[in-house]
Structure formats: structure tokens, C-alpha cells
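Biologist: I'd like to go through this one with you and hear the reasoning behind each label. Can you put it up on the screen?

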Amino acid sequence: MMNIEIRYYSKFGHTRKMAGVVADALGIEAKTINEPIEQPVDILLLGSAVYATVVDWRVKKFIRTLTPEKVKRVICFSSAAIIESNYPKVKALLEQQGITVDERQFTCRGAMGPIQAGHPNDEDLQQLRTFVQSLNL
């Protein structure tokens with residue numbers, strides 16, 4: 001049986017909502033990045049967002065705690081208001097740590113004030129649930 005963990009950072013609640021969907025779909029608990037990875041995991045589902053097109057420093061700090069011995073593979077999920085996805089930026093940070101990053105990832109729109117208002121919405125969250133189920137973890 002695979003050891004799977006979920007970690008996320010959410011400034012405005014969007015990623016927390018998304019992490020709840022991921023947790024429900026997998027039947028495991030989602031934890032914030034404030035809880036370190038203590039035991040080796042096969043798959044880490046990492047939820048984050050970009051703020052003014054930049055990966056939050058807290059997410060960068062968390063990623064710096066990861067090693068290939070702790071985490072075999074990361075699958076990213078996120079929301080973004082302005083840029084298409086933060087996946088390339090997060091992937092680069094993880095790869096600098098020697099972590100394998102799955103090409104399968106999920107990004108949806110995320111509200112930033114009036115920009116993309118209302119996102120992630122119910123449809124976005126249903127698409128996320130479908131994505132997680134398609135992973136066959």
C-alpha cells in the first residue's frame with residue numbers, strides 16, 4: 001500500500017477548499033505545510049497558489065525541507081488568477097531538491113479580488129475531484 005500525504009498552503013482559503021476535496025476523494029487528511037513530512041511518503045499531493053505571480057515564501061521554505069528520501073513523487077494542485085499555472089515554478093523548486101514531480105497536475109482559476117471572482121467554484125472543485133480519482137492512487 002502506498003503512503004500518501006496531502007500538504008497545502010492557503011492564504012485566502014481557496015487552496016484549503018481544494019485540499020478538502022483532495023482529502024475527501026482519497027479518504028485521508030489534508031494538513032497544512034506547517035506540519036512537516038516526518039515519515040517517508042510515496043506520493044505527496046502539494047497544494048499551493050501564486051500571489052502576484054510568485055510562489056509564497058512559506059511554500060518555498062516547506063519545499064526546502066523535502067528530500068528524495070522523504071518524498072518519492074509530488075503531484076501538484078493549485079489555483080491562479082493571473083498566470084496560467086504555478087506548476088512550472090513549483091516544479092522547478094521541487095526538482096532543485098531532487099524530488100520527482102509528476103507531469104499530472106491540476107490548476108484552476110482562483111479569485112484575486114474581482115479578477116476570476118468566485119473561483120474556485122463548484123465546477124472547478126468537481127473537476128479537481130475527477131482529476132484526483134483519475135490518478136488511481
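**Strand pairing, cores and a lone lysine**

Modeller: Keep in mind that this is a predicted model. Let's begin with strand E3: two bridges join E3 to strand E4 (residues 54-55), and these strands run antiparallel. Within that pairing, Tyr51 has Val54 in E4 as its bridge partner.

Biologist: What makes E3 and E4 count as a pair?

Modeller: Pairing takes at least two bridges, and E3 and E4 are joined by two. E3 also pairs with E5 in the parallel sense, over eight bridges, with Val41 opposite Val71 in E5. E1 and E3 run parallel too, joined by five bridges, and Tyr8 stands opposite Gly47 in E3.

Biologist: Why is E3 called largely enclosed?

Modeller: Buried means under 20% relative accessible area. Eleven of the eleven residues of E3 are buried, so the rest of the structure largely encloses this strand.

Biologist: Which residues touch the most other members of the largest nonpolar core?

Modeller: Leu44, Leu46, Leu66, Val71, Val74 and Leu94, out of 22 residues in that core. E3, helix H2 (57-64), E5 and helix H3 (87-96) each supply at least two residues, and E3 gives the most, with five. A second, separate core has 19 residues, including Ile4, Val21, Ile43 and Phe77.

Biologist: How do you know that the length of helix H1 agrees with its residue count?

Modeller: At 1.5 Å a residue, the 13 residues of H1 (residues 14-26) should span 18 Å, and the end C-alpha atoms are 19 Å apart, so the two agree. Among the buried residues of H1 are His14, Met18 and Val22; what covers the buried residues includes E1, E2, E3 and helix H4. Just after H1, Gly27 takes a positive phi of about 70°.

Biologist: Why is Gln126 called partly exposed?

Modeller: Partly exposed lies between 20% and 50%. Gln126 has 43% relative accessibility, so it counts as partly exposed. Gln126 is found in helix H4.

Biologist: What about Lys31: which side chain of opposite charge is nearest?

Modeller: That's Glu5, 4.0 Å away, yet Lys31 is buried and has no salt bridge. A salt bridge needs a side-chain nitrogen of Lys or Arg within 4 Å of a carboxyl oxygen. Lys31 is in strand E2 (residues 30-32). Leaving aside neighbours within four places in sequence, Lys31 is in contact with Glu5, Ile6, Arg7 and Tyr8.

Note on methods: Residues are numbered from 1 along each chain as its sequence is written. This is a predicted model: local features need pLDDT of at least 70, side-chain atom pairs count only at pLDDT 80 or more; totals for chains, interfaces and linings use all residues. Side-chain values use heavy atoms; hydrogens and water are left out. Helices (H or I, at least four residues) and strands (E, at least two) are DSSP runs, numbered from the N terminus. Buried means under 20% relative accessible area, exposed over 50%, partly exposed in between (1.4 Å probe, protein chains only). Lys and Arg count as positive and Asp and Glu as negative; His and the chain ends are not counted. Contact means heavy atoms within 4.5 Å. The expected span of a helix is 1.5 Å times one less than its number of residues. A nonpolar core is a set of buried Ala, Val, Leu, Ile, Met, Phe, Trp, Tyr and Cys residues joined through side-chain atoms within 4.5 Å.
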